[in-house]
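Here is a short briefing on aromatic contacts, a helix and a pocket. Please view the structure first.

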Amino acid sequence: MNSNIRSKQTIVIGAIVLLVAFLFTRDIKGLVKPTEENGKMPSSGQMAGASSPSSVLNLETSSTAAKNVINKNLATDITALENSYKGANGAEKVQLAKQLAQKWDDVEQITPSALYLEVVAEGEPSTKSWLAAGNQFIKAFESTQDSLAQPALLQKANMSYKKALEKDSTNIEAKTGLGVTIVNGLGAPMQGIAMLLEVVAKEPKNVKANMNLGLFSIKSGQFDKAIPRFNTVIATAPTPEAYFYLGTALENLGRNKEAVDAYLSSKKLAANPTLSSFIDKKVAELKNKN
(Lines give C-alpha, C1' and ligand atoms only; values in the text may rest on other atoms or scores of the structure.)
Protein backbone atom coordinates (compact mmCIF):
# COMPACT_ATOMS: atom_id res chain seq x y z
CA MET A 1 0.00 0.00 0.00
CA ASN A 2 1.52 3.36 -1.01
CA SER A 3 2.08 6.29 1.36
CA ASN A 4 -0.79 8.31 -0.14
CA ILE A 5 -3.30 5.58 0.68
CA ARG A 6 -1.81 5.18 4.16
CA SER A 7 -2.12 8.92 4.71
CA LYS A 8 -5.76 8.93 3.61
CA GLN A 9 -6.60 6.04 5.91
CA THR A 10 -4.91 7.83 8.82
CA ILE A 11 -6.99 10.95 8.16
CA VAL A 12 -10.19 8.93 8.00
CA ILE A 13 -9.53 6.91 11.14
CA GLY A 14 -8.48 9.98 13.10
CA ALA A 15 -11.47 12.03 12.03
CA ILE A 16 -13.93 9.27 12.82
CA VAL A 17 -12.45 8.58 16.23
CA LEU A 18 -12.59 12.29 17.09
CA LEU A 19 -16.21 12.58 16.02
CA VAL A 20 -17.05 9.50 18.04
CA ALA A 21 -15.60 11.18 21.11
CA PHE A 22 -17.55 14.38 20.54
CA LEU A 23 -21.04 13.32 19.51
CA PHE A 24 -23.71 11.36 21.28
CA THR A 25 -24.09 8.50 18.79
CA ARG A 26 -21.46 6.25 17.29
CA ASP A 27 -22.84 4.71 14.11
CA ILE A 28 -19.30 4.12 12.92
CA LYS A 29 -18.85 1.49 15.64
CA GLY A 30 -17.05 -1.58 14.35
CA LEU A 31 -15.83 0.15 11.20
CA VAL A 32 -13.13 2.46 12.52
CA LYS A 33 -10.38 -0.01 13.33
CA PRO A 34 -7.72 -0.67 10.69
CA THR A 35 -8.15 -4.11 9.16
CA GLU A 36 -6.38 -5.55 6.16
CA GLU A 37 -3.85 -3.37 4.33
CA ASN A 38 -6.10 -2.95 1.32
CA GLY A 39 -8.62 -1.15 3.52
CA LYS A 40 -11.35 -3.75 3.10
CA MET A 41 -13.19 -5.49 5.87
CA PRO A 42 -12.11 -9.01 6.90
CA SER A 43 -14.40 -11.70 5.55
CA SER A 44 -15.14 -13.31 8.91
CA GLY A 45 -16.34 -10.22 10.77
CA GLN A 46 -14.52 -8.57 13.65
CA MET A 47 -16.81 -9.81 16.40
CA ALA A 48 -17.75 -13.24 15.11
CA GLY A 49 -15.85 -14.98 17.88
CA ALA A 50 -17.15 -12.86 20.75
CA SER A 51 -18.28 -14.40 24.04
CA SER A 52 -21.87 -15.35 24.74
CA PRO A 53 -23.89 -12.19 25.51
CA SER A 54 -25.32 -13.72 28.70
CA SER A 55 -21.81 -14.14 30.10
CA VAL A 56 -21.18 -10.40 29.78
CA LEU A 57 -24.60 -8.75 30.17
CA ASN A 58 -27.26 -9.32 32.79
CA LEU A 59 -29.95 -7.20 34.41
CA GLU A 60 -28.45 -7.12 37.89
CA THR A 61 -24.97 -5.93 36.97
CA SER A 62 -26.26 -3.51 34.31
CA SER A 63 -28.75 -2.03 36.74
CA THR A 64 -26.16 -1.66 39.49
CA ALA A 65 -23.73 0.10 37.17
CA ALA A 66 -26.43 2.43 35.86
CA LYS A 67 -27.60 3.40 39.35
CA ASN A 68 -24.12 4.70 40.10
CA VAL A 69 -24.50 7.47 37.54
CA ILE A 70 -28.06 8.65 38.12
CA ASN A 71 -29.81 10.70 40.80
CA LYS A 72 -30.11 8.79 44.10
CA ASN A 73 -33.84 9.40 44.40
CA LEU A 74 -34.41 8.03 40.90
CA ALA A 75 -32.21 5.06 41.71
CA THR A 76 -34.30 4.38 44.83
CA ASP A 77 -37.54 4.50 42.80
CA ILE A 78 -36.12 2.10 40.23
CA THR A 79 -34.89 -0.27 42.94
CA ALA A 80 -38.39 -0.44 44.40
CA LEU A 81 -39.83 -1.21 40.98
CA GLU A 82 -37.17 -3.85 40.39
CA ASN A 83 -38.01 -5.53 43.69
CA SER A 84 -41.63 -5.78 42.55
CA TYR A 85 -40.42 -7.16 39.21
CA LYS A 86 -38.39 -9.88 40.92
CA GLY A 87 -41.43 -11.06 42.85
CA ALA A 88 -43.82 -10.98 39.90
CA ASN A 89 -44.82 -13.65 37.39
CA GLY A 90 -46.43 -13.91 34.00
CA ALA A 91 -48.20 -10.88 32.57
CA GLU A 92 -47.47 -8.78 35.67
CA LYS A 93 -43.73 -9.37 35.24
CA VAL A 94 -43.90 -8.33 31.60
CA GLN A 95 -45.78 -5.14 32.49
CA LEU A 96 -43.21 -4.26 35.14
CA ALA A 97 -40.43 -4.95 32.62
CA LYS A 98 -42.08 -2.43 30.28
CA GLN A 99 -42.12 0.17 33.04
CA LEU A 100 -38.50 -0.50 33.93
CA ALA A 101 -37.42 -0.30 30.29
CA GLN A 102 -39.07 3.13 30.05
CA LYS A 103 -37.65 4.30 33.41
CA TRP A 104 -34.11 3.44 32.33
CA ASP A 105 -34.63 5.02 28.91
CA ASP A 106 -35.89 8.21 30.55
CA VAL A 107 -32.58 8.58 32.40
CA GLU A 108 -30.57 7.62 29.27
CA GLN A 109 -29.29 4.33 30.66
CA ILE A 110 -29.75 2.35 27.50
CA THR A 111 -28.28 -1.05 28.36
CA PRO A 112 -30.64 -1.95 31.24
CA SER A 113 -33.52 -0.52 29.19
CA ALA A 114 -32.62 -2.83 26.31
CA LEU A 115 -32.37 -5.85 28.60
CA TYR A 116 -35.86 -5.20 29.99
CA LEU A 117 -37.22 -4.77 26.46
CA GLU A 118 -35.76 -8.20 25.70
CA VAL A 119 -37.75 -9.57 28.66
CA VAL A 120 -40.87 -7.93 27.21
CA ALA A 121 -40.21 -9.46 23.78
CA GLU A 122 -39.73 -12.89 25.29
CA GLY A 123 -43.01 -12.55 27.22
CA GLU A 124 -44.97 -10.97 24.37
CA PRO A 125 -43.14 -12.10 21.22
CA SER A 126 -44.02 -10.06 18.15
CA THR A 127 -42.24 -8.24 15.36
CA LYS A 128 -42.83 -4.97 17.17
CA SER A 129 -41.48 -6.12 20.54
CA TRP A 130 -38.36 -7.73 19.06
CA LEU A 131 -37.73 -4.63 16.93
CA ALA A 132 -37.95 -2.46 20.05
CA ALA A 133 -35.39 -4.66 21.79
CA GLY A 134 -33.09 -4.78 18.75
CA ASN A 135 -33.17 -1.02 18.24
CA GLN A 136 -32.39 -0.40 21.90
CA PHE A 137 -29.50 -2.87 21.87
CA ILE A 138 -28.08 -1.11 18.80
CA LYS A 139 -28.45 2.23 20.57
CA ALA A 140 -26.65 0.84 23.62
CA PHE A 141 -23.92 -0.58 21.38
CA GLU A 142 -23.40 2.79 19.76
CA SER A 143 -23.30 4.72 23.04
CA THR A 144 -21.13 2.52 25.26
CA GLN A 145 -17.35 2.67 25.55
CA ASP A 146 -17.20 -0.69 27.34
CA SER A 147 -15.15 -2.93 25.03
CA LEU A 148 -16.51 -6.08 26.70
CA ALA A 149 -20.14 -5.00 26.44
CA GLN A 150 -19.92 -3.86 22.81
CA PRO A 151 -19.85 -7.29 21.13
CA ALA A 152 -22.43 -8.66 23.57
CA LEU A 153 -24.81 -5.80 22.82
CA LEU A 154 -24.28 -6.28 19.10
CA GLN A 155 -25.06 -9.98 19.40
CA LYS A 156 -28.21 -9.21 21.40
CA ALA A 157 -29.31 -6.80 18.66
CA ASN A 158 -28.53 -9.40 16.00
CA MET A 159 -30.62 -12.05 17.76
CA SER A 160 -33.49 -9.64 18.32
CA TYR A 161 -33.67 -8.66 14.65
CA LYS A 162 -33.54 -12.30 13.61
CA LYS A 163 -36.49 -13.06 15.88
CA ALA A 164 -38.36 -10.07 14.44
CA LEU A 165 -37.76 -11.46 10.95
CA GLU A 166 -39.01 -14.87 12.07
CA LYS A 167 -42.31 -13.14 12.80
CA ASP A 168 -42.28 -11.10 9.59
CA SER A 169 -39.67 -11.99 6.98
CA THR A 170 -40.54 -8.90 4.90
CA ASN A 171 -40.02 -6.32 7.66
CA ILE A 172 -37.70 -3.65 6.31
CA GLU A 173 -36.71 -2.23 9.70
CA ALA A 174 -35.66 -5.65 10.99
CA LYS A 175 -33.73 -6.41 7.81
CA THR A 176 -31.95 -3.07 8.04
CA GLY A 177 -31.04 -3.66 11.67
CA LEU A 178 -29.76 -7.14 10.96
CA GLY A 179 -27.66 -5.81 8.09
CA VAL A 180 -26.19 -3.16 10.37
CA THR A 181 -25.16 -5.74 12.98
CA ILE A 182 -23.46 -7.84 10.30
CA VAL A 183 -21.60 -4.88 8.81
CA ASN A 184 -20.44 -3.93 12.30
CA GLY A 185 -18.78 -7.28 12.87
CA LEU A 186 -21.22 -10.18 13.15
CA GLY A 187 -20.46 -12.19 10.05
CA ALA A 188 -19.14 -11.46 6.57
CA PRO A 189 -19.53 -7.70 5.99
CA MET A 190 -20.53 -8.13 2.36
CA GLN A 191 -23.52 -10.18 3.50
CA GLY A 192 -24.63 -7.20 5.56
CA ILE A 193 -23.95 -4.81 2.69
CA ALA A 194 -26.10 -6.95 0.40
CA MET A 195 -28.96 -6.75 2.92
CA LEU A 196 -28.63 -2.97 3.18
CA LEU A 197 -28.54 -2.63 -0.60
CA GLU A 198 -31.72 -4.69 -0.75
CA VAL A 199 -33.29 -2.28 1.72
CA VAL A 200 -32.38 0.85 -0.26
CA ALA A 201 -33.60 -0.80 -3.45
CA LYS A 202 -37.04 -0.93 -1.81
CA GLU A 203 -36.69 2.26 0.24
CA PRO A 204 -34.16 4.58 -1.46
CA LYS A 205 -34.36 7.14 1.36
CA ASN A 206 -33.93 4.69 4.25
CA VAL A 207 -31.72 6.68 6.63
CA LYS A 208 -30.18 3.86 8.64
CA ALA A 209 -29.30 1.77 5.58
CA ASN A 210 -27.82 4.72 3.66
CA MET A 211 -25.85 5.89 6.69
CA ASN A 212 -24.24 2.50 7.21
CA LEU A 213 -23.54 2.02 3.51
CA GLY A 214 -21.83 5.41 3.53
CA LEU A 215 -19.74 4.48 6.56
CA PHE A 216 -18.69 1.21 4.96
CA SER A 217 -17.70 3.10 1.81
CA ILE A 218 -15.49 5.41 3.88
CA LYS A 219 -13.86 2.52 5.67
CA SER A 220 -13.07 0.76 2.40
CA GLY A 221 -11.74 3.94 0.82
CA GLN A 222 -14.63 4.32 -1.64
CA PHE A 223 -15.17 7.99 -0.87
CA ASP A 224 -17.02 8.72 -4.12
CA LYS A 225 -19.62 6.08 -3.21
CA ALA A 226 -20.00 7.46 0.31
CA ILE A 227 -21.03 10.95 -0.81
CA PRO A 228 -24.46 10.13 -2.34
CA ARG A 229 -25.27 7.98 0.70
CA PHE A 230 -24.66 10.83 3.14
CA ASN A 231 -26.43 13.31 0.84
CA THR A 232 -29.49 11.06 0.94
CA VAL A 233 -29.38 10.97 4.74
CA ILE A 234 -28.97 14.75 4.91
CA ALA A 235 -31.88 15.34 2.53
CA THR A 236 -34.10 13.09 4.63
CA ALA A 237 -32.95 13.58 8.23
CA PRO A 238 -29.87 15.81 8.58
CA THR A 239 -27.57 15.02 11.51
CA PRO A 240 -24.15 16.27 12.65
CA GLU A 241 -22.73 12.81 11.94
CA ALA A 242 -23.97 12.71 8.35
CA TYR A 243 -22.50 16.13 7.59
CA PHE A 244 -19.21 15.27 9.29
CA TYR A 245 -18.75 12.01 7.37
CA LEU A 246 -19.75 13.79 4.16
CA GLY A 247 -17.00 16.29 4.91
CA THR A 248 -14.56 13.45 5.53
CA ALA A 249 -15.37 11.86 2.16
CA LEU A 250 -15.15 15.18 0.31
CA GLU A 251 -11.86 16.04 1.99
CA ASN A 252 -10.33 12.75 0.94
CA LEU A 253 -11.33 13.48 -2.66
CA GLY A 254 -9.65 16.90 -2.52
CA ARG A 255 -12.97 18.73 -2.68
CA ASN A 256 -11.94 21.03 0.15
CA LYS A 257 -14.43 23.88 -0.31
CA GLU A 258 -17.36 21.45 -0.22
CA ALA A 259 -15.76 19.66 2.74
CA VAL A 260 -15.57 22.96 4.64
CA ASP A 261 -19.28 23.58 4.03
CA ALA A 262 -20.15 20.08 5.28
CA TYR A 263 -17.98 20.40 8.39
CA LEU A 264 -19.53 23.78 9.23
CA SER A 265 -23.01 22.30 8.87
CA SER A 266 -21.99 19.53 11.28
CA LYS A 267 -20.73 22.15 13.74
CA LYS A 268 -23.97 24.14 13.51
CA LEU A 269 -26.22 21.13 14.11
CA ALA A 270 -24.14 19.61 16.90
CA ALA A 271 -23.67 22.84 18.87
CA ASN A 272 -20.92 21.10 20.82
CA PRO A 273 -18.03 23.32 22.02
CA THR A 274 -15.39 20.61 21.73
CA LEU A 275 -16.50 19.55 18.28
CA SER A 276 -16.73 23.20 17.26
CA SER A 277 -13.11 23.76 18.26
CA PHE A 278 -11.99 20.71 16.30
CA ILE A 279 -13.95 21.72 13.21
CA ASP A 280 -12.61 25.29 13.37
CA LYS A 281 -9.09 23.90 13.21
CA LYS A 282 -10.05 21.51 10.43
CA VAL A 283 -11.65 24.29 8.41
CA ALA A 284 -8.62 26.59 8.84
CA GLU A 285 -6.39 23.75 7.67
CA LEU A 286 -8.49 23.09 4.56
CA LYS A 287 -8.76 26.78 3.67
CA ASN A 288 -4.97 27.06 3.79
CA LYS A 289 -4.79 24.31 1.17
CA ASN A 290 -6.89 26.23 -1.29
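Tyr-85 and Tyr-116 are both buried (under 20% relative accessible area with a 1.4 Å probe, protein chains only; exposed is over 50%, partly exposed in between). The model is predicted: local features need pLDDT of at least 70, side-chain atom pairs count only at pLDDT 80 or more, and totals for chains, interfaces and linings use all residues. Residues are numbered from 1 along each chain as its sequence is written, and side-chain values use heavy atoms, leaving out hydrogens and water.

**Aromatic contacts**
- Five aromatic pairs are counted, where rings of Phe, Tyr and Trp (its six-membered ring) pair if their centres lie within 6.5 Å.
- The ring centres of Tyr-85 and Tyr-116 are 5.3 Å apart with planes at 85°, so this pair is edge-to-face (over 60 degrees; under 30 is stacked, the rest tilted).
- Tyr-85 lies in helix H4 (residues 72-86) and Tyr-116 in helix H6 (residues 110-123), so the pair ties together parts 31 residues apart in sequence.
- Helices are DSSP runs (H or I, at least four residues), numbered from the N terminus.
- Ring pairs also join Phe-230, Phe-244, Tyr-245, Tyr-263 and Phe-278 into a cluster.

**Helix H8**
- Helix H8 (residues 149-167) has 19 residues and should span 27 Å at 1.5 Å a residue (1.5 Å times one less than its number of residues).
- The end C-alpha atoms of H8 are 27 Å apart, which agrees.
- H8 is mostly covered, with 14 of its 19 residues buried.

Note on methods:
Helix = DSSP H or I, 4+ residues; strand = E, 2+ residues; numbered from the N terminus.
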